Amino acid sequence: MSTTAPDPLATLGALPGVADAVDSVRKAVDRVYGHRVMRRRSNEVTAEAALRGARGSAALSGADWGLEEVRRRTDFSGDDESQVIGAALRLTAEAGQLLSIWRQSPLRVLARLHLVAAGGAAPDEAVGRPRLAGEPVDEPLIEAPLPGADEVAGRLEGLSGLILAGSAAPALVTAAVVHGELLALRPFGSYNGLVARTAERIVLIGSGLDPKSICPAEVGHAEQGRAAYVAAFEGYLSGAPDGMAAWIAHCGRAMELGVRESTAVCEALQRGAA
């Protein structure tokens, strides 16, 4: 008699409160996709969502610039904050180009994301590959214990296997797990938070939940604040059902706030003010 292997992501989708978060996100996304502006000017909404998402992700990594400052600047090669902003913008631009590769080789995509983020700022031998034993990690927000290199390699393979196997879990659940696992592992020497949030974006786009990439969860993560982000992430790290559910709900709320941001963009475009 054959048996079917359990689907761990679907199991998370059944946790108390997660179904409500998934339903709330789906309704919010459907509303913004139904906005009349999306029928004619969706490319403009996508572009603005990318800019705002990059700004939000950079803010969580310590570069909290105003939106107009990010919009007007063209040189991001200066101090550390400028480099973080530049990395976030490059990653957001890259995300939509990696969807087909993600479905075939998630680890290749993660390597590419780190290469894009680093942009020559890290030593060549450390760019685009998981860190080796003894190599330091620069991640200003996450202070949780750092897994060893062997654990990182094993868990990355496990994460890749989950993605390649597919799941009946809602996109929000998969995206939250990818995001949380990459934050927990911090597999690269730098820019792990930016890479994790970009990977979340890729899952949300590729799943069909947000195919036009107009619902920037990064905006919502930043709006909820760094303290709330870290607190929710600690729930993920705990591995306890209520902690995991709290992290998924936090990611859902971030997506809803991203929807609210893009709805405001749609309204501004409709008034001719954007």
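Helix H7 has its buried residues covered by several partners, among them helix H5 (80-95), helix H6 (99-104), helix H8 (149-165), helix H9 (171-185) and helix H10 (192-206). Covering here rests on contact, taken as heavy atoms within 4.5 Å. Helices (H or I, at least four residues) and strands (E, at least two) are DSSP runs, numbered from the N terminus. All of this comes from a predicted model, in which local features need pLDDT of at least 70 and side-chain atom pairs count only at pLDDT 80 or more, while totals for chains, interfaces and linings use all residues. Residues are numbered from 1 along each chain as its sequence is written, and side-chain values use heavy atoms, with hydrogens and water left out.

To stay with H7 for a moment, the residues that end up buried in this helix are Pro106, Val109, Leu110, Leu113, His114, Val116, Ala117 and Ala118. Buried means under 20% relative accessible area, with exposed being over 50% and partly exposed in between (1.4 Å probe, protein chains only). H7 takes in residues 106-118, and at 1.5 Å a residue its 13 residues should span 18 Å, which agrees with the 18 Å between its end C-alpha atoms. The expected span is 1.5 Å times one less than the number of residues in the helix. Just past the end of H7 comes Gly119, with a positive phi of about 50 degrees.

One link between H7 and its surroundings runs through Glu94, a residue of helix H5. Glu94 is buried, at a relative accessible area of 12%. Once neighbours within four places in sequence are set aside, Glu94 is in contact with Arg112 and Val116. Val116 is also one of the buried residues of H7.

What does the protein look like as a whole? There are 13 helices and 0 strands, so the run of elements from the N terminus reads α-α-α-α-α-α-α-α-α-α-α-α-α. The C-alpha trace spans about 55 × 50 × 35 Å along its principal axes. For 274 residues, a compact globule would have a radius of gyration near 19 Å, and the protein, at 18 Å, agrees with that. The radius is taken over C-alpha atoms, and the globule rule is 2.2 Å times the number of residues to the power 0.38. Of the 274 residues, 51% count as buried. Among contacts with a separation of 6 or more, 74% come from residues 24 or more positions apart.

H10, already met as part of the cover over H7, is itself well wrapped: 14 of its 15 residues are buried, so H10 is largely enclosed by the rest of the structure. Its length holds up too, since 15 residues at 1.5 Å each should span 21 Å and the end C-alpha atoms are 21 Å apart. After H10 comes Gly208, whose phi is positive, near 90 degrees.

H10 also packs against helix H3 (residues 38-60), at an angle of about 145 degrees and with the axes 9 Å apart. Axes are lines fitted to C-alpha atoms, for helices over the stretch in contact, and angles run from 0 to 180 degrees between N-to-C directions. On the H3 side the contact uses Ala49, Ala50, Gly53, Ser57, Ala58 and Leu60, and on the H10 side Leu194, Arg197 and Arg201. These residues divide into 5 nonpolar, 2 polar and 2 charged. In that count Ala, Val, Leu, Ile, Met, Phe, Trp, Tyr, Cys and Pro are nonpolar, Asp, Glu, Lys and Arg are charged, and the others, Gly among them, are polar.

The loop between H9 and H10 holds both Arg186 and Tyr191. Each has a positive phi without being a glycine: near 45 degrees for Arg186 and about 60 degrees for Tyr191. Both are buried, Arg186 at 3% relative accessibility and Tyr191 at 14%.

On the other side of H10 in sequence, Cys215 lies in the loop leading to helix H11 (217-224). Cys215 is buried, at 3% relative accessibility. Leaving out neighbours within four places in sequence, its contacts are Val29, Val32, Tyr33, Asp210, Met255, Gly258, Val259 and Ser262. The C-alpha atoms of Cys215 and Ser262 are 6.4 Å apart, although 47 residues separate the two along the chain.

Finally, Met244 sits in helix H13 (residues 241-271) and is buried, with a relative accessible area of 10%. Beyond neighbours within four places in sequence, Met244 is in contact with Leu12, Leu15, Gly235, Tyr236 and Gly239.
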